[in-house]
6 protein chains.
Amino acid sequence: MHIRYLNPVGTDVYDAEMADTLNRYKQPETTVEVVSLASDRPKHLEYHAYEALVVGDIVAQARAAARDCDAFVIGCFYDVGLRDAREVSGRAIVTAPCESACAIARSLGNTFSVLVGRRKWIPKMAENVCLYGHEHAMASMRPMELGVHDFQNDDVVYERMLSVGRACVEEDGAEVLMLGCTASFGFCDRLQEALGVPVLDAMLAPFKYAEFLGDTALRLGWTPSRKWGSEAPPESEIADWGLFAEASARETAKPETLVPAE
Amino acid sequence: MHIRYLNPVGTDVYDAEMADTLNRYKQPETTVEVVSLASDRPKHLEYHAYEALVVGDIVAQARAAARDCDAFVIGCFYDVGLRDAREVSGRAIVTAPCESACAIARSLGNTFSVLVGRRKWIPKMAENVCLYGHEHAMASMRPMELGVHDFQNDDVVYERMLSVGRACVEEDGAEVLMLGCTASFGFCDRLQEALGVPVLDAMLAPFKYAEFLGDTALRLGWTPSRKWGSEAPPESEIADWGLFAEASARETAKPETLVPAE
Amino acid sequence: MHIRYLNPVGTDVYDAEMADTLNRYKQPETTVEVVSLASDRPKHLEYHAYEALVVGDIVAQARAAARDCDAFVIGCFYDVGLRDAREVSGRAIVTAPCESACAIARSLGNTFSVLVGRRKWIPKMAENVCLYGHEHAMASMRPMELGVHDFQNDDVVYERMLSVGRACVEEDGAEVLMLGCTASFGFCDRLQEALGVPVLDAMLAPFKYAEFLGDTALRLGWTPSRKWGSEAPPESEIADWGLFAEASARETAKPETLVPAE
Amino acid sequence: MHIRYLNPVGTDVYDAEMADTLNRYKQPETTVEVVSLASDRPKHLEYHAYEALVVGDIVAQARAAARDCDAFVIGCFYDVGLRDAREVSGRAIVTAPCESACAIARSLGNTFSVLVGRRKWIPKMAENVCLYGHEHAMASMRPMELGVHDFQNDDVVYERMLSVGRACVEEDGAEVLMLGCTASFGFCDRLQEALGVPVLDAMLAPFKYAEFLGDTALRLGWTPSRKWGSEAPPESEIADWGLFAEASARETAKPETLVPAE
Amino acid sequence: MHIRYLNPVGTDVYDAEMADTLNRYKQPETTVEVVSLASDRPKHLEYHAYEALVVGDIVAQARAAARDCDAFVIGCFYDVGLRDAREVSGRAIVTAPCESACAIARSLGNTFSVLVGRRKWIPKMAENVCLYGHEHAMASMRPMELGVHDFQNDDVVYERMLSVGRACVEEDGAEVLMLGCTASFGFCDRLQEALGVPVLDAMLAPFKYAEFLGDTALRLGWTPSRKWGSEAPPESEIADWGLFAEASARETAKPETLVPAE
Amino acid sequence: MHIRYLNPVGTDVYDAEMADTLNRYKQPETTVEVVSLASDRPKHLEYHAYEALVVGDIVAQARAAARDCDAFVIGCFYDVGLRDAREVSGRAIVTAPCESACAIARSLGNTFSVLVGRRKWIPKMAENVCLYGHEHAMASMRPMELGVHDFQNDDVVYERMLSVGRACVEEDGAEVLMLGCTASFGFCDRLQEALGVPVLDAMLAPFKYAEFLGDTALRLGWTPSRKWGSEAPPESEIADWGLFAEASARETAKPETLVPAE
């Protein structure tokens, strides 16, 4: 199974490390590829206007994934363009962090909290949690209010995650935690050990969910519906109008294919 | 007050007629402009992948509106990019059809129904109605299932609207109707007379709502919040990354400014 | 367009000042009238039993408005008798503070908070916000717990509004504020400047909403539905039973008609 | 225990028969009184404007009940003025048909349907069911659409109830039925035998609920809360303003006190 | 009317005192019986796995109650097996603490809070409150976090109830309180006097509700529905499979029948 | 990874075929075991009273799975005892059909419908869908109303599934279907081909979900939370009271371990 993980920002500096991490946690047969967007795209997606500038790229990527992937991951906790991307992914699965992490959390505990970067993020993320149906299970969504410079210091970030995470558990009653940002990978192990509750990573949750749904798609034919609201646009119309024609200028990390281990 | 109405599709064939209609129903002091997108954009937005291709344009337009408009209307009943556009509209109001029509409908009756073109549209539109908080007031959302050729025949369209609208009222208990497509302007008068209930037009509802909120912005200072989730991206970052730099290739209808008539 | 604003209490001491304020913010063509109830009616409506004593008057006024007004405003944040009044308002629009302010707030930000006088008010007001569909957007409803004598001192009231409003924004995450009492007009400008978020006034919100809906009623025929739950009682029955017959003993402020300015 | 049942309409023609029915189903120690309103009041409450004309009377009655009753019943399925009446009932319980019937229905089955007279009634009644928290348990609310003359013919009414009730059970999945009109007493026995599900009467449900809550008030001190939203208006203010002063012109049925039977 | 109250734990040490309490608050004609489970059953039900071990017993008891009781009470605030027990109770009413207390609370005030023993209990109890439809009316659910030894000291328990209850009222806005544990009977009187709001007892609420519904079942035929989801299993199948065959090894308190006192 | 699938009924006649099916769709490294309950247990769980008789067994099995399994599946679409079983499963994952199928369906389409056997099942199953948060995504739950003898004829069952499934898609707007009964495995392939939408099997959905969550538990440490509501009962207490002591009399299918294929 081949999974493409899109880090939907205009920089490829994280691609290699992300691919590394995904390769560490994937199943033996899975092959992984991390891609990012052209360098004239926003470097982060904190603002909704920035999301708007990349959702076209995301959909173009999803359309490309229909040709050569089993699953495609949109690597932003806003789940940018999830509905749009699914529409054109053909038989390929499309996943995104918030939806996947919520689904997993519901099977591990009664309640969960989300650690987000800034309060800015909360309205849209809370709306997504609500749309996915998990409003009643969300104990809280707490901002870490980390400044730009703090993020360069892993210890500062970890300490903040730890203290905010502890507040979510002890004060808000969370039984599971999730990190509301794909940039925060690498902290889950330590946090989950320190806090004694599962801590879901925003990059690994949708990746593993993609691997799972890719597997059921292959073995059971449970591919995305193409009925009613999930109907894809007609290829003839896309061709007539010349949509999705321009070459995608993305930087692509080399696919890392591991030989099945075990 | 100056209002720009964006028909977010890659054709300007409707611009003049739309401007005409808006001018007919506006207040004396209001000036109106209708704009559409570059011709390489999708000609309609029935598919979510098409929305994804224009949401960047919509946000760019909203950003432009911040400089020279009091209010900006996103002319698609999917309310494409409403949150994103509002983020960068400065002091300009941003409205969209579904949100506006729902607000109006709630003040005119207990329940409303939405006439949509095809079933395809329902999941996203119903989700929007739900997000805006009007799920309990929505009696039904009924597709008219009109084929491409039917739309070229106004009488066929009207008859279908009439019969589906009657079903909404008589069978589903709707007290107010709304048309879930901006392309259907021009039918409301006849429908409302024939059916005996208010029929809200998808182009005029957000336009008049924009005029209203533009007025309260000017007189009372009730402009869009810029706090928390509504915080705009920093101009310096936008400049550094060169975002929104490319000249917008849109076709623009001439603004029609009427002298206050009365 | 002519709008009648009802201050539904048994005193006319506020009528002139209210009319003054409304005239300051209305559109040029609008004419405004402020009315209040007979002096044997309660002087405020903090208690629901007091509401019960005036809802008959409110409906009688709405019925009268059907004859000579384009819109009628019920000036109490409990939105007393809104459904009842709409039933008999003929083609005249009926608005009320909570419904109008919520609708406006939703277009200006993701979340809002309501500053109420006392905790007493919260259950019914929160229920209304919920009925109108805005429960998820309400960040909080905070009481100011102002004593009777505090209200005589504008500075004390302002300081309390400021500190409670700040708590709503900073602690509860509100992006927009609204004042949950029509008696608090005159503070919005200062509050909105001090707090940096829109602050909606409980008297002006329904007044401007009435002006807006009055305009769409006149230009587009979007008058109140008279179908199903909005069906009015038959005039013959009202006549047979002699309902609404007694002369309304209300004190009426002189209508202030401004010549369109601009 | 003494219970006063208010038939809140301007006619006493039903009082005796209602008292009769209540006496038939009450507990031995309970004494019952049926009262109605002055003859210049509406003869039925189908329209919300009519409700508005009697809610002041209802509250005045609730206030009177505080002095000499253990429980007070508002006999209209719109539950007119329930919150308002409870505020001034002192230690007396106040009940109303919709709230009581819903509570009972939830303990007898998973779902219920409500048989209402006309579609007119549905928006407000459905809103009440929703406010009381039973929206998910309501299988349907079906109008019987009985004309004025049909109601004079018991057999016609029964046949309609039977056929609409059967549709609720067989098509909508109702496990319990309730009659959404207090005028329909006397049909439950036959309906429940014919349909094989419990059929709750709109007059007896709140009466028996009042008897129950009156009992727990007496034995356990579970009287209405007077805290926060349930705080009563100060007697001094009521006296100062001369509220509730006029003699209530209601016609009162003779209280029928039965000696405890069994 | 005969009511059987099941304390669904493997000890009968509380039976006599419970019967005593129930007899003190019952109506004259009611007879009461308290039963508990075989001594190899869990001694408390704090853990859901313990509930699982007794739900079969509860259903067996409900089935037995169908033969010789008018009503059957499941004495655990988790409302363990309520749906299951109702299915086989024949014409006998089945009640449980959380459902009953919520129903009563809704008629006494706008909001209520629940005092629970430990945070452990909250997810399931909150889910039940939500399922019964009272989520919006619940001001809070607060744990008392009492240790094992504290419970042996009534004064300590009372002080904790008092302080947590006060926080519910003063901080969370509760107008009514309920105790979320049947083991806490005997504190309501003092609490309700000290706090000035109704305090519902977890043992008496479902008992009195059972008495009420038992009365309406007898007088009005409002017995549990047996339609759709409430359909009971066929006796023939139960017999064929030998279900419910083993003699119930429960310890049974002597029924205490009081002569109607008045 | 080792997964135990419990068919929670008192017969082992389906065990071998079920194991066969699971082995066909599992991943190479997974080993599978199917177990059922002692023969004195109910042969099906259509009635809630029957569920009550096996939930203790289910929890005992979950507790056993904590010792020797990575994941444990409760094979009944009522998701019997899911919360209870999770409490004592240690580090083993516990899944159940309805929860798993809903999660999968949400990633494949906007809406889903559930085909259930009889209307009897709907209230509890619909409540579960609601509790899991997917109420808004559920297009319908339709009973197939198949008689006992029909089930012996696969063609009859298939035809009924096809026609009811088609109604769900065409009339109710479902984009995904799920079979609400574990006994219906083996039909998905044909149905999904005939209907053109994904059809989720009630046995395979929770099995594959268990395999997925078992994998993330092993690789990422995302095991069930043991905090707050998920806290397990203390082993010392279980030992003191002798709970779960009796040897489980279940019939166990031989575990079928396949050598990793590919």
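Student: How many residue pairs are in polar contact between chain A and chain F?

Tutor: Keep in mind that this is a predicted model. The count takes in pairs where both residues have pLDDT 80 or more. On that footing, chain A and chain F share 36 residue pairs in polar contact.

Student: Which element gives the most to the side of chain A that touches chain F?

Tutor: The elements of chain A that give two or more residues to this side are α3, α4 (97-108), α6 (154-170), α7 (188-195), β8 (199-200) and α8. One of them puts in eleven residues, the top contribution, and that is α8(A).

Student: How many residues on the side of chain A that touches chain F are charged?

Tutor: Sort that side by class and you get 24 nonpolar and 14 polar residues. The charged class holds 16.

Student: What area is buried between chain A and chain F?

Tutor: Start with the contacts: 54 residues of chain A meet 53 residues of chain F. Carbon and sulfur atoms give 54% of the buried area. The area itself comes to about 4,400 Å².

Student: Which three residues supply more than any other three of the area that chain A buries against chain F?

Tutor: Here we're looking at chain A's own share against chain F, and the trio covers 16% of it. The three are Ser107(A), Arg219(A) and Trp222(A).

Student: Which residue of chain A forms a salt bridge with Glu170(F)?

Tutor: There are four salt bridges between chain A and chain F. In the one you're asking about, the closest N and O atoms are 3.5 Å apart, inside the 4 Å cut-off. The partner of Glu170(F) is Lys227(A).

Student: What rotation superposes chain A on chain F?

Tutor: The shift along the axis is 0.0 Å, and the fit has an RMSD of 0.0 Å. Gly133(A) has the C-alpha of chain A nearest the axis, 2.0 Å from it. The two copies also use the same surface, with 98% of the contact residues of chain A recurring in chain F. The rotation is 180°.

Student: Now for chain C and chain B: what kind of axis relates the two copies?

Tutor: Chain C goes onto chain B by a rotation of 180°, with 0.0 Å of shift along the axis and an RMSD of 0.0 Å. The copies are therefore related as by a two-fold rotation axis.

Student: Which residue of chain C comes closest to the rotation axis?

Tutor: We go by C-alpha position, and the closest approach in chain C is 2.0 Å. The same surface serves both copies here, since 100% of the contact residues of chain C recur in chain B. The residue closest to the axis is Gly133(C).

Student: How many salt bridges are there between chain C and chain B?

Tutor: For the setting, 54 residues of chain C are in contact with 54 residues of chain B. The two chains bury about 4,400 Å² between them, 53% of it on carbon and sulfur atoms. One of the salt bridges joins Lys227(C) to Glu170(B), at 3.4 Å from N to O. The count is four.

Student: Which chain has its nearest C-alpha atoms 16 Å from those of chain A, without touching it?

Tutor: Not every pair of chains meets: chain C and chain F, for instance, do not touch, and their nearest C-alpha atoms are 16 Å apart. For chain A, the chain you want is chain D.

Student: Moving inside chain A, how far apart are the C-alpha centres of domain 1 and domain 2?

Tutor: The domain assignment splits chain A into domain 1 (2-96 + 205-257) and domain 2 (98-202). Their contact takes 21 residues from domain 1 and 23 residues from domain 2. The area buried between them is about 2,000 Å², with 57% from carbon and sulfur atoms. Centre to centre, the distance is 23 Å.

Student: Which residue forms a salt bridge with Glu46(A)?

Tutor: Between domain 1 and domain 2 of chain A there are three salt bridges. For Glu46(A), the closest N and O atoms of the pair are 2.7 Å apart. The partner is Arg118(A).

Student: Which element gives the largest share of the side of domain 1 of chain A that touches domain 2?

Tutor: α1 (15-25), α2 (48-68), α3 (82-87) and α8 (204-220) of chain A each supply at least two residues there. By class, that side has twelve nonpolar, four polar and five charged residues. The largest share is four residues, and it comes from α1(A).

Notes: Residues numbered from 1 in each chain as written. Chains lettered and ligands numbered in written order. Predicted model: local features only at pLDDT ≥ 70, side-chain atom pairs only at ≥ 80, totals over all residues. Heavy atoms only, no water. Contact = heavy atoms within 4.5 Å. Buried area = accessible area lost by both parts, 1.4 Å probe. Salt bridge = Lys/Arg side-chain N within 4 Å of Asp/Glu carboxyl O. Least-squares fit on C-alpha atoms with pLDDT ≥ 70 in both. Domains from an automatic or database assignment. Nonpolar A, V, L, I, M, F, W, Y, C, P; charged D, E, K, R; others polar. Polar contact = N/O pair within 3.5 Å; in protein donor to acceptor, adjacent residues only side chain to side chain.
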